[in-house]
Amino acid sequence: MDTLLQQLINGLTLGAVYALVALGYTMVYGIIGLINFAHGEVVMIGTMVAFTVIVSLASSGMSPLLILGVGLLVSVVVCMVLGWALERVAYRPLRHAPRLTPLITAIGMSIVLQNVAMIIWGRNYITFPPMINKQIYEIGGASFTNVQVAIVSLAALVMLGLIYLVHRTRIGMAMRATAQNPHVASLMGVDINRVIAMAFIIGSALGAVAGCMVGSYYEIAHYQMGFMLGLKAFTAAVLGGIGNLAGAMAGGLLLGLIEALGAGYIGDLTGDFLGSHYQDIFAFIVLIIVLMFRPSGLFGERTGDRA
Amino acid sequence: MNHVRIPGVLVVLAASMAIIGCGKKEEPKAAAPAPAPAAAAPAPAPKPEMVVKIGHVAPLTGPIAHLGKDNENGARMAVDDANAKKVEIDGKVIKFELLGEDDQADPKTGAVVAQKLVDAKVAGVVGHLNSGTTIPASAIYNQAGLPQISPSATNPKYTQQGFNTAFRVMANDIQQGSVVGTYAVKDMGAKKVAIIDDRTAYGQGLADEVEKAAKAAGATIVAREFTNDKATDFKAILTKIKAKNPDVVFLGGMDAVGGPMLKQMKELGIKAKFTTGDGGCSPELIKLAGPASEGVICSQAGLPPEKLPNGQKFLEDFTKKYGQIQIYSPYSYDAVMVLIDAMKRANSADPVKYLPEVGKTSYDGVTGKIEFDEKGDIKNGAITVFEIKDGKLVTLKSEGGSAPAK
C-alpha cells in the first residue's frame, strides 16, 4: 500500500510537469493547428536561463527564494521573447503554406535551438544548484519533498490562471474566436497576428515555468533534455485531446501516473514477463486504446476539420 | 582540419617544385613544416611527408558527450605527441591526422560514421566509446580490413565475433562484472542485491555479469529493473526496489543516469549502498549527485591513475591541455599509440601490412603494458574498485594488471 501511494506521488509530480509543457503544445495547436515541435527546446532554454541566473546570483547574498524567483522571472521573460521570435521568424511566413511545411520548420527550429544551447551551455550535464533546502516528509510510508509540493501547487496555480485568462479576458476571447475561425475573427476586428503571437508567448512562458520545475526537481539540465520531455508532453496533449486546455492538463497528469504505475507494477502483473523497460510501451498502449475509442482524445470534441 | 593542413602540404610541394624548376641550390625559405633543428644541414630537399589519417569515433553530442569529448581529447593528444616526435615510416615523415567523428552513442549512426571513415581511407580507427556502437561498427571495419582499437567498449561480444581487426585496451565486462559482483557480496556483505540497467549493450551486458557473479557468491537478486540511457526520472523503479529492501543496488549504466538516480534514492529514503561499473565511475557522477554520491562503490577497467606507470605525467599534461580526465582518455591515448607503434614495426601505414603487427603489440603505454590475446582482448586487464569519499574517487583495491614496466 505504501508502495502504491509512493508511486502515485511520483506520478503526480511527473504529471504536473508534463501537463504544463503539454499546455504549450495545445495552445498553439488549438489556435493555428501547428504542432510546435520546438516547444520542448523552449522548455530546455528556460531551464538553462534560470540556471545561469541562479548561478550568477548565488554568491550575491540574496535569499535563496528571492534568487529562485528572479531566475524564474528572467527565464519566463527570455522564453516569452523566444516564443515570439520563433513565431515571427519561423512560422508566420509559412502561415499559408501547406500544413507539412511549418511542421518540418518546427522540427528544424528544435534542432537549431538544441545546437545553440549546446554552443552556449556546453555539452556536459549541468548541475542545477539546489536553492530550496530539500525537506523530506513522510506519510504512510511514502516520502515526498517540499520541492514536489511546490511543483504540484505551482502547476495547479498556473493552470487556473491560464483558464481564467482564456475564458474571462478580452485576449482570451480573441483567442477562442481565432481558434474557431481566423477569417471571421479578423473580420470582427480581432488582430490575428497579435493573438497568435500571444499564444506562442503564453505557451513559452508556461514552458519556462515547467523548465524551472524540472531543473529544481532533478537538479540537472542538459541541452537535449527538451526532446524527450517535449515528446512526452505532446503525447499527453494528444491523450487529453490536442487543442483543449483541460485535456492537456488531464492528459499530462494521466500520463505521469500511467508511467509511474506502469514501471512499478507491469512486472508484477505479468509475472516478470514484461519488465520496467516496457514503461513507455505501456504508456503508448494506453494512448492507442484511448484513441481507438475517442479518436480526438479524452476531452477533444471540438477539433473537427482543424485536426 | 583538412582545410588547414592540405595547403601546408601543397606549400612544400610547390616549394620543392620551384627548387627543381630553378635548378639552383636555393634553400627553401621558411619551409613551413620542416624540422627546425635540421635547418643548419645542407638539406637534401626536405624529407618527403606523408599524411596518415586515424579515425576516432565517440558520442560528441547527447547525454554522454562529456565522455566522448574526453576520449577524443586523449586521441588528439596522442596524435599531437606523435607528430611532435616526427615519426618516420618507410623513409617518410608521417604527419598524423585525427578524423574525429560523432556517433551520438547510437548504433545506427555508429555504422554510418564507420562507413564514412572507411571511405575517407583512414589507416586505423580508435573507438567507438559505447559497446552498443562499437559492435555493429566493428563488422564494417573488419570488412574493410581496418584495425580498430576501442578504448572503452567493455562488452565481451566485441572481441568474440572472430574479427582479426577488433582490439581493446582495457578489461572486458566479464572480468569487471565478476569483480564488482563478488565485491558487493564478499566485501560489502550484501545478501539481497537489486540490479538496474539502461538497456544498452554495455549496461545490460555488465549487469548480467554482475548478476551471475553475485549469485555465484551466494546473494539473491531481489529486483531486476530497467531504464534507458536518456531517462532522468527513476522514482517508479526505485520505489519498486525500495519495497524489496535490498542491501546493494547495482547500476549498469552511465554517470548521466547514475547522478540523478542517486539523488532520487536519497529522497525516497533508500538505505541500500549504490554500486556501479566504469560508465558511472567518473568525476561527473560526483558532480551530478553531489553529497548523495558519498559512499558509492564503483569500478573501472584499468588501474587507478596514481598507479599508472606514466600516469602522473599524462595526468599533468592532459589536465593542462584539456582539463579534468573523465574516464577513458588515457586509454584512447594509448590506443592511438598502439596503432602508430604497429605501423612503425611494419614500416608501413597500409592496414594490410601493419594489421598483423597490431596483434603482436607489446607496448608500454600510460595505462600499463599492452599485449593482446588471440581474440584482441588485452592480456591481464586490470579492474580497480573505488569508493567515493569526500567527493573524490578513492582506490579500494585493484585486481589483475601487469606490473608497470619501468
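This section describes the fold of chain B and the contact between chains A and B in a predicted model.

The secondary structure of chain B consists of 12 helices and 15 strands. The chain has 406 residues, and 54% of them are buried. Among contacts in chain B with a separation of 6 or more, 70% link residues 24 or more positions apart.

Chain B is divided into two domains. Domain 1 covers residues 47-170 + 309-371, and domain 2 covers residues 173-301 + 383-399. Each domain is thus written as two stretches of sequence. Taken over C-alpha atoms, the centres of domain 1 and domain 2 of chain B are 29 Å apart. The contact between them takes 14 residues from domain 1 and 19 residues from domain 2. On the domain 1 side, helix H4 (residues 131-144) of chain B gives the most, with three residues. By class, this side of domain 1 has six nonpolar and eight polar residues. No charged residues are found on it.

Chain B contains an open sheet of seven strands. The strand order is E8-E7-E9-E10-E11-E14-E15 (chain B), and the pairing is mixed. Strand E8 (220-226) and strand E15 (392-399) of chain B stand at the edges. Each has a single partner strand, so one side of each is left without a neighbour in the sheet. Direction ignored, neighbouring strands of this sheet are turned by 25° against each other on average.

At one edge of the sheet, E15(B) is paired with strand E14 (residues 383-389) of chain B. Seven bridges join the two strands, which run antiparallel. One bridge pairs Glu387(B) with Val394(B) in E15(B).

At the other edge lies E8(B). Helix H7 (residues 235-244) of chain B lies across this strand, and also across strand E7 (192-197) and strand E9 (248-252) of chain B. The helix runs at about 170° to E8(B). Val222(B) is found in strand E8 of chain B. Is Val222(B) buried or exposed? Val222(B) falls between these classes: it is partly exposed, because 17 other C-beta atoms lie within 10 Å. A buried residue would need 20 or more such atoms, and an exposed one would have 12 or fewer. Beyond its neighbours within four places in sequence, Val222(B) is in contact with five residues: Lys192(B), Val193(B), Ala194(B), Lys244(B) and Pro246(B).

Other parts of chain B lie far along the sequence from this residue. Val222(B) and Tyr354(B) are 132 residues apart in sequence. In space, C-alpha to C-alpha, they are 50 Å apart.

Tyr354(B) belongs to a helix pair. Helix H11 (residues 329-346) of chain B packs against helix H12 (residues 351-359) of chain B at an angle of about 115°. Their axes are 8 Å apart, and the crossing is right-handed. Which residues of H11(B) and H12(B) meet? From H11(B) come Val338(B), Leu339(B), Ala342(B), Met343(B), Arg345(B) and Ala346(B). From H12(B) come Lys353(B), Tyr354(B), Glu357(B) and Val358(B). By class, the contact has seven nonpolar and three charged residues, with no polar residues.

A hairpin also occurs in chain B. It joins strand E12(B) to strand E13(B) through two residues. E12 spans residues 362-365 of chain B, and E13 spans residues 368-371 of chain B. The two strands run antiparallel and are joined by four bridges. In one of the bridges, Asp364(B) is partnered by Lys369(B) in E13(B).

The two chains also touch each other. In this contact, 26 residues of chain A meet 30 residues of chain B. On the chain A side, the elements that give two or more residues are helix H1 (2-32), strand E3 (142-145) and helix H10 (245-269) of chain A. H1(A) gives the most, with five residues. By class, the chain A side has nine nonpolar, 14 polar and three charged residues.

H1(A) and H10(A) also pack against each other. Their angle is about 145°, and their axes are 6 Å apart. H1(A) passes H10(A) in a right-handed crossing. The residues of this contact divide into 17 nonpolar, 10 polar and one charged.

Key:
Residues numbered from 1 in each chain as written. Chains lettered and ligands numbered in written order. Predicted model: local features only at pLDDT ≥ 70, side-chain atom pairs only at ≥ 80, totals over all residues. Axes fitted to C-alpha atoms, helices over the stretch in contact; angles between N-to-C directions. Left-handed = near helix turned anticlockwise from the far one by under 90°. Contact = placed C-beta atoms within 7 Å. Nonpolar A, V, L, I, M, F, W, Y, C, P; charged D, E, K, R; others polar. Domains from an automatic or database assignment. Pairing = 2+ DSSP bridges.
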